[in-house]
Amino acid sequence: MPISDNYLWLAEEKSVTSTGDTASDSYDHQVNNDPGHMSADTRVIVVVDTNVTSGGAATVAAVLQDSDDNSSFADVLVGKAHPKASLVKGFEMLNTKLPIGIRQYSRVVFRVATAALTAGKFNARYQLGQQRNIARPSNV
């Protein structure tokens, strides 16, 4: 069963409208690095919270970045650039394990290309474990 708490949220209903990068809050792995927070099963999850709209053919990619000083960030993991048509509420843009060797600070950047968004909100969080429900008939 996955575990998520308020300390693991990087962005909640983060509004993104301009082209380029819009950053989430940063996460300090050193301050928050207790046994209940990060492990080999920690995942980075980015989900669309509000449908994306754009006057053009916009794309959005979720990008995980890290930093030593919480100022100069570098890309660690670049997700697929998704077209605006697929960016509807509940769409999971990124769900992957946290890379090994991440530096002290990390954040998610929402990278908009081709055209500006006119609307769109996103959620990003760390989660311990992965949801693996299996649908079964009710009579089992």
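Colleague: In which strand of the protein chain is confidence highest?

Modeller: This is a predicted model, and confidence is given as pLDDT, on a scale from 0 to 100. In the protein chain, the lowest confidence falls in strand 3 (residues 27–28), with a mean of 90. The highest, at 98, belongs to strand 7 (residues 82–83).

Colleague: What percentage of the residues score at least 70?

Modeller: The protein chain has an average pLDDT of 86. The share of residues that score at least 70 is 81%.

Colleague: Which strands stand at the edges of the open sheet?

Modeller: The open sheet consists of four strands in the order 1-10-4-8, with antiparallel pairing. Each edge strand has a single partner strand, so one side of it is left without a neighbour in the sheet. From one strand to the next, the twist averages 10 degrees. The strands at the edges are strand 1 (9–15) and strand 8 (92–97).

Colleague: Which residue in strand 8 is the bridge partner of Val44?

Modeller: Strand 4 (residues 42–54) and strand 8 run antiparallel and are joined by five bridges. For Val44, the bridge partner in strand 8 is Thr96.

Colleague: Which strand gives the most residues to the largest nonpolar core?

Modeller: This core has 27 residues, of which Val108, Phe110 and Phe122 touch the most other members. The elements that give two or more residues to the core include strand 1, strand 4, strand 5 (59–67) and strand 9 (105–113). With five residues, the element that gives the most is strand 10.

How values were computed: Residues numbered from 1 in each chain as written. Predicted model: local features only at pLDDT ≥ 70, side-chain atom pairs only at ≥ 80, totals over all residues. Heavy atoms only, no water. Pairing = 2+ DSSP bridges. Axes fitted to C-alpha atoms, helices over the stretch in contact; angles between N-to-C directions. Core = buried A, V, L, I, M, F, W, Y, C linked by side-chain atoms within 4.5 Å. Buried < 20%, exposed > 50% of the residue type's maximum accessible area, 1.4 Å probe, protein only. pLDDT = per-residue confidence, 0-100.
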